[in-house]
Amino acid sequence: MDSTPSNDLELLDKVINLAKRRGFIFPSSEIYGGFRSTYDYGPLGVNMLRNVKSAWWRDMVQMRVDVVGLDAAILGPPAVWAASGHLETFTDPLVDCRKCKERWREDKIDGVCPNCGSTEFTEARAFNLMFKTQAGPVEGEGATAYLRPETAQGMFTNFNNVVATTRKKPPFGIAQVGKSFRNEITPQNFVFRTREFEQMEMEYFVPPAEAEQWYRYWIDQRLNWYLGLGIPADKLRLHEHAPEDLSHYSRGTTDVEFAYPWGWDELEGIANRGDYDLTQHSNASGAKLEYFDQAANERYTPYVIEPAAGATRAMMAFLLAAYHEDVVEGETRTVLRLDWRLAPYQVAVLPLSRKPELESVSQEVLAILQPHFACDYDVTQSIGRRYRRQDEVGTPFCITVDFDSLEDRCVTVRDRDSTEQARVPIADLLADLRQRTGQD
Ligand code: GAP
């Protein structure tokens, strides 16, 4: 029986509490009272976040011959951000409440101060979202640097390097996963909008005449990626932006939206950026960022189709979609029904007791499984309690080593979702788990 909270904001609270209590996500600098809108990923969170990024990299880079990877610098000179348009246009309209002096994003508050209810505000000012810093010990204009607000620009500034070194020709993509920084005025909703976050972006360079076709292709691919990793279809939808809502670079943008506890909101954006970026950087740098098609004896500036996802935001969506409460043997349990590829631990090895013979067989089991799966090892508390603890963090398989294991060289494999148990010879365990996870 499913008894998952029906009140959505209750669900958000439960997921935030679970994330803290079990070591997924901690408020940053907590012992100093916290630092607003920054989070640290704990022992389980770091596993899961890496799994989200690995799943993306596997599908977007490893499994394709038309996409290559990149890891560009986070710090960049003002020239890059002037050419990209970020210095000029990457701004939010900022207003101050005249009564309580709180500062808000004008487009997010419907004319009413969320703090005190006042409708009196200062004139809106454009507030640039980039973090400005200084590179080197000497202050002054020449030392100004910015933390990147998106990973995308590294793919454009390296376009010639990548073409020259890989001999790729359009259509081809450059992919990158890494941190981005935005001085968001209203960071909110846990890790949904933070000032420091991770992105997973791919710039797909295409002949201009093929741009529309590839735009549609990538919308489809990206929606299916979330479905394939277990987000139910009724929690995902596509939202195509109206022409007047497009970013300064975009000829078309479609968001993959997720049903968050507060309503439908962006999970990922897929944009047709046209030739905006390569043209801007060509003009500003003097480097020709073009492609010469030898067969057609034609030089052109490729268009860019960009699927741009947030790794930290996606992790939050996967957690929300996976959270369930059900009743097993008359007891309510919390279970994260995470796809095995995303779960922090795929396997937990649980000796029934601390007897050295059992621990020794358990170590054998670990040695077999650890090269292939992320394994937890737990010898504390009753076996029922340990199953619940693993269910709560989404571990798909628990392996119990009991006294019979010493005689029959078999262990019990328990499935998280069905709670069904099966006796499996230790010698067949790896093959059994590979089959259960669809790898054989
Ligand atoms: N290069 C295009 C670009 O950066 P974006 O829609 O601003 O587009 C892409 O960002 C994705 O990055 C978003 O869909 C979201 O998942 C994630 N993202 C953006 N700002 C974020 C923030 N402040 N906190 C967490 N994730 C964010």
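## Overall build

Helices and strands here are DSSP runs, with at least four residues for a helix and at least two for a strand, numbered from the N terminus. By that count, the protein has 13 helices and 24 strands. The model is predicted.

The C-alpha atoms fill a box of roughly 75 × 65 × 50 Å along the principal axes. The protein has 440 residues, and 51% of them are buried. Its exposed area is about 20800 Å², of which carbon and sulfur atoms supply 48%. Take the contacts with a separation of 6 or more: residues 24 or more positions apart account for 65% of them.

## The five-stranded sheet

Strands of a sheet pair through backbone hydrogen bonds, either parallel or antiparallel. One open sheet here has five strands, in the order β21-β20-β22-β23-β24, and its pairing is mixed. The edges belong to β21 (375-377) and β24 (421-425). Each has a single partner strand, so one side of each is left without a neighbour in the sheet. From one strand to the next, the twist averages 25 degrees.

Look at one pair. Strand β20 (residues 347-351) runs parallel to β21, and three bridges link them. A348 stands opposite D376 in β21.

Helices lie across this sheet. Helix α10 (residues 356-369) crosses β20, β21, β22 (397-401) and β23 (410-415). Its direction is at about 170 degrees to β21. Helix α13 (residues 429-436) lies across β20, β22, β23 and β24, at about 15 degrees to β23.

## The three-stranded sheet

An open sheet with the order β4-β9-β8 has antiparallel pairing. Here β4 (75-76) and β8 (132-134) stand at the edges. Each has a single partner strand, so one side of each has no neighbour in the sheet.

Strand β9 (residues 144-147) pairs with β8 over three bridges, in the antiparallel sense. T144 in β9 is the bridge partner of Q134.

## Around helix α12

F403 is found in helix α12 (residues 403-408). F403 is partly exposed, with a relative accessible area of 39%. Together with L352 and L406, F403 makes a nonpolar surface patch of about 230 Å².

R409 sits in the loop between α12 and β23. R409 is partly exposed, with a relative accessible area of 39%. Leaving out residues up to four places away in sequence, R409 touches V361, E364, D404, P425 and I426. V424 is 15 residues from R409 along the chain, and their C-alpha atoms are separated by 8.6 Å.

## Salt bridges

Side chains of opposite charge can pair when their charged atoms come close. The structure holds 34 salt bridges. One of them joins D92 and R105, at 3.4 Å from N to O. D92 lies in strand β5 (residues 91-96) and R105 in strand β6 (residues 103-105), so the pair ties together parts that are 13 residues apart in sequence. Both D92 and R105 are buried.

R299 forms a salt bridge with E290, with the closest N and O atoms 3.7 Å apart. E290 is partly exposed, with a relative accessible area of 24%.

Helix α11 (residues 383-392) holds both R388 and D391, three residues apart, about one turn of the helix. These two form a salt bridge, with the closest N and O atoms 3.9 Å apart. R388 and D391 are both buried. They also belong to one network, in which salt bridges that share partners join D326, E331, R333, R337, R388, D391, R414, R416 and D417.

Technical notes:
Residues are numbered from 1 along each chain as its sequence is written. This is a predicted model: local features need pLDDT of at least 70, side-chain atom pairs count only at pLDDT 80 or more; totals for chains, interfaces and linings use all residues. Side-chain values use heavy atoms; hydrogens and water are left out. Two strands pair if DSSP finds at least two bridges between them. Axes are lines fitted to C-alpha atoms, for helices over the stretch in contact, and angles run from 0 to 180 degrees between N-to-C directions. Contact means heavy atoms within 4.5 Å. Patches are made of residues with over 30% relative accessible area and no salt bridge: like charges are joined within 9 Å, nonpolar side chains (Val, Leu, Ile, Met, Phe, Trp, Tyr) within 5 Å. Accessible areas come from the Shrake-Rupley method with a 1.4 Å probe; for residues, only the protein chains shown count as cover. A salt bridge is a side-chain nitrogen of Lys or Arg within 4 Å of a carboxyl oxygen of Asp or Glu. Buried means under 20% relative accessible area, exposed over 50%, partly exposed in between (1.4 Å probe, protein chains only).
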